Amino acid sequence: MQGQTKSVSFDGREIKLTTGRFAPQAGGSVMIECGDTSVLVTATKSTGRDGVDFLPLMCDYEERLYAAGRIPGSFMRREGRPPERATLISRLIDRPMRPLFPGWMRDDIQIVATCLSLDERVPADVLAVTGASMATLMAGIPFQGPMAAVRVGLLGDDFVLNPSYREIERGDLDLVVAGTPDGVVMVEAGANQLSEQDVIEAIDFGYEAITELINAQKEVLKESGIQQEMPEAPQIDDTISNYLDKNCTKSISEVLKNFDQTKEERDNKIEEIKMSISSKIDGLKDDNAVKKSYLLNNKLLENNYKALTKKLMRDQIIKEGKRVDGRELNEVRAIDADAAVLPNRVHGSALFQRGLTQVLSTATLGTPSDAQEMDDLNPNTDKTYIHHYNFPPYSVGETRPMRTPGRREVGHGALAERALIPVLPAKDTFPYVLRVVSEVLSSNGSTSMASVCGSTLALMDAGVPLKAPVGGAAMGLIKEGKEIRILTDIQGIEDFLGDMDFKVAGTEKGITALQMDMKITGLPIETIGEAINQALPARTLILGKMLEAIETPKENLSPHAPRLLSFRIDPELIGTVIGPGGRTIKGITERTNTKIDIEDGGIVTIASHDGAAAEEAQRIIEGLTRKVHEGEIFSGSITRIIPIGAFVEILPGKEGMIHISQLSEARVEKVEDVVKVGDQVTVRVREIDNRGRINLTLRGVSQNGGMSNYPEPTPTPVAPLN
């Protein structure tokens, strides 16, 4: 079956959009390809359900391991619950798509992106985002697109468009930018402490490339004969809206302008006004127009009351430059930070509070075997830094069932994780696996950035030698016509009723992570740049408050944290340390009561709560892997005796044999006549045979005592150990 294909080329790579061939019963579908990466994206709409007063949009990214020529590792040998990276890509699709649907839509919409083939040079996530726009347009769903996304990397001084996995790993920037003809609608980035100007230029660079993908989608629609039309919004009865505007505007405005009250007091007063007006409407006669409208749809009161509160709050910011808590637009809430708030059985802990937002972060040090194995399509197979974020219902004064973490929790944890990765110590200097958990104890906006701050303090309290502390703040935006106001450190009501949530994390040197979500159809680069620059003084202030709690990482680890020794051996000798069936390494761990991990590259990590035991294990392994040369002289202990000779441990874990003929210058009838188990002897390496066995001799070697019956031979000089 033939379809229609449109190609776009930039930076030497071709992106193909194929429509009309796959998934014919879906509302709209597109196969988007680049290199050998192929992603099928479908968009389907069904009739809205009664009682739904929001947009029920579902975005799902599905991974199939056959895309990389792999069979799943689970017992069932099939894909199960989506891995964390798939959940994050689902969010990556949802975030730029959601604001582009008209606000009045209530139909069920489902977008499914399935990675069918993966080229390690071409990540599938940005293709899935662009494909979601194309599939939605092909389905004829009302949509304020086209929208497209690209990834921008930084290698040296050059920006790279849609870099490969390896280029992302080597570079100093991993930025995804999505946009429409109206401007940028979503940004997500991890950066290696880049300056604000570098990040702004990268966003601009990415947006220029987006325009080519947007034009390609328009051409596909034109060639397919599909007219992109936006239906008129359904007529809404404004009787209640006008009634609320007339009877509630003054009282709500007075509450919003009372800067001396707490959030709870403000919320209670706004709720009281709503209950009062509701009672007033109930008391009206049944033939009253307002009462009739209310009886037909009592949700109009709730929705219109929220809309009026939103309008009044936004007008106050636009016209008066004052926020509901009395802060200036660029002012940060009061900050309180403390480290070591839990006993040292928790390896590191901290409590960070900004306004009513409070986060408790803990850090746990683990061994290399604690690394998280990733069974997904990403080439990186494990994670040595893990950040988890928990958002219990009591943090917002609510009750609800406690379930497994949702997409929001996964996304916020990943953002905090990304913000801290650039400042973590190198693996060869600090070989611990790190897990940080951020418990949101109270939420009133910007909990993800509070998690970044609290986690930095917890890691420093745990003794992790961070390159620099990381702080963060969430920026907001109110846009009314041409009037734009940027808000620093937004709280919950400003996030809920505003147009932008722009999280910026970094060090004093530069940015480490960004995440921008919009509720409007796009912003120009100039406005985004202004928000990024306005976040810098806020971040500097926050970092200063954090350093008052703990200035530098602790020099000593918690006594309950494992002690790690890390060193490198010849990779060809890994088998020697492991031994047949793992017997050698098992014997070392049992003898020293340690935990030993060996990587393919030859890095050995020993974990123990007893430093002396870890050092003993290191000596044994180094002895096993030390190359012995003919003529070297060692002192060692007789470990066992057989009829034809005696074995000597010349190095920890490494033995050689003295043949009975090499025990003495004179003839020896029985090995026990000269040595016994436990004797200390000085031996010379006579030869190393073709099987690697070490043959020793006592003949001609001076002894310093410790043997049973060996006559003193002529002294010979002892060579130092290499």
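Let me begin with strand 10, residues 183-194, where Gln193 lies; strands here are DSSP runs of E with at least two residues, helices are runs of H or I with at least four, and both are numbered from the N terminus. Gln193 is not a glycine, and yet its phi is positive, at about 55 degrees.

Before going on, I should say that this is a predicted model, in which local features need pLDDT of at least 70 and side-chain atom pairs count only at pLDDT 80 or more, while totals for chains, interfaces and linings use all residues. Residues are numbered from 1 along each chain as its sequence is written, and side-chain values use heavy atoms, with hydrogens and water left out.

Most residues other than glycine have a negative phi, and most peptide bonds are trans. Gly145 and Pro146, however, are joined by a cis peptide bond with an omega of about 0 degrees, and Pro146 sits in the loop between helix 2 (125-138) and strand 7 (148-155).

What about empty space inside? There is one cavity of 30 Å³ or more, a cavity being a set of points on a 1 Å grid over the protein atoms alone where a 1.4 Å probe fits but cannot get out, with lining residues having an atom within 4 Å of a point. The largest cavity has a volume of about 50 Å³, that is, the space filled by probe spheres set on grid points joined across faces, edges and corners. Among the residues that line the largest cavity are Arg13, Cys34, Arg151 and Asn162.

Note on methods. 1 Å grid on protein atoms, 1.4 Å probe; cavity = no way out; pocket = protein on both sides within 12 Å on 5 of 7 lines; lining within 4 Å.
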